[in-house]
Amino acid sequence: MTYDDSRATGSPHAAHDTNPTRQEEWEARYSGVDQLWSGHANDWLPELAADWPAGTALDIGCGEGADVLWLAEHGWRATGLDLAPTAVDRLLAEARQRGVAESITARVHDVVADPLPDGPFDLVTSFYIHGGPEPGAINLETLLRDAAARVAPGGRLVAAVHCVNPPWHRHHAHTYTPDDLIEGLGDAVDSWTIEAAEERWREATGPDGEAGRRSDALICLRRPETV
């Protein structure tokens, strides 16, 4: 297990040096509760990847690491990136608890300020990173193009975002259709195989227990074995 925390080195590329407001906001969300997310892998990952041969994986915006942990438990060597140090700490603690620490690298990382790890990776995932209109916000299309450049020949890029938000959402994050995501990737995925590009509806429950529905845009693209 590797914990690459640029905070400890005083690196000028550390996430908190380049955008303290955004990092502090996410750090406060994580540190204010014992657990922010469900602890279960995103639905799409087990559905798609259960039968894929294990290799190397990069999960962008890994949060508390449920997807990274799922990958490690299924034989992958997985790297997780997140802006919040508390999220990364929780991923590492859970990896030790489950006995998969040697298969995991975790990094405090600002994808707006710093390039993604070079790779290549057999799988690169990005779940529910949307970006927004605020200055300095993530540009998802740019991020996914950078992610595609890290995919090894024969490897896959998987991304899911909200396509239609449930009615109680009041934030300003962008939403995307599957076609939006494919179009945004442009020539970065020329000649790639589109294995999934779907809008999927699901029931959802709001913060006050209200019932509603939302839809997600899911894409899975495979890079050719040879260029």
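Accessible areas are computed here by the Shrake-Rupley method with a 1.4 Å probe, and the structure they describe is a predicted model.

**Exercise 1. The chain as a whole**

Find what accessible surface the chain has, how many helices and strands there are, and what share of the residues count as buried.

*Solution.* Begin with the surface: the accessible area of the chain comes to about 11,100 Å², and carbon and sulfur atoms hold 47% of that area. Next, go through the secondary structure, where 7 helices and 8 strands are found. Then turn to burial, for which the cut-off is a relative accessible area under 20%; by this criterion 48% of the 227 residues count as buried. Finally, look at how the chain comes together: among contacts with a separation of 6 or more, 72% join residues that are 24 or more positions apart.

**Exercise 2. The surroundings of helix α4**

Determine which residues of helix α4 are buried, and which elements these residues pack against.

*Solution.* Helix α4 spans residues 66–73, and 7 of its 8 residues are buried, so that the helix is mostly covered, by the cut-off of under 20% relative accessible area. The buried residues are A66, D67, V68, L69, W70, L71 and A72. Following their contacts outward, one meets the helices α3 (44–49) and α5 (85–98), together with the strands β2 (56–60), β3 (77–82), β4 (104–108) and β5 (121–127). Just after α4, the backbone at G75 takes a positive phi of about 95°.

**Exercise 3. Leucine 218**

Decide whether L218 is buried or exposed, and find which residues it is in contact with beyond its neighbours within four places in sequence.

*Solution.* First place the residue: L218 belongs to strand β8, which covers residues 211–222. L218 counts as buried because its relative accessibility is 0%. Once neighbours within four places in sequence are left aside, the contacts of L218 are W44, L48, V158, A159, A160, P178, A196, A197, E198 and R200. As for L181, it stands 37 residues away from L218 in sequence, with 8.8 Å between the two C-alpha atoms.

**Exercise 4. Two helices that cross**

Describe how α6 and α7 cross, and name the residues that make the contact.

*Solution.* Two packed helices are described by the angle between their axes and the distance between those axes. For α6 (residues 140–149) and α7 (residues 178–185), the axes come within 9 Å and cross at roughly 60°, and the crossing is right-handed. On the α6 side the contact is made by L140, E141, L144, R145 and A148, while α7 contributes D180, L181, G184 and L185. Sorted by character, the residues of this contact are 5 nonpolar, 1 polar and 3 charged.

Definitions and conventions:
Residues numbered from 1 in each chain as written. Predicted model: local features only at pLDDT ≥ 70, side-chain atom pairs only at ≥ 80, totals over all residues. Heavy atoms only, no water. Buried < 20%, exposed > 50% of the residue type's maximum accessible area, 1.4 Å probe, protein only. Helix = DSSP H or I, 4+ residues; strand = E, 2+ residues; numbered from the N terminus. Contact = heavy atoms within 4.5 Å. Axes fitted to C-alpha atoms, helices over the stretch in contact; angles between N-to-C directions. Left-handed = near helix turned anticlockwise from the far one by under 90°. Nonpolar A, V, L, I, M, F, W, Y, C, P; charged D, E, K, R; others polar.
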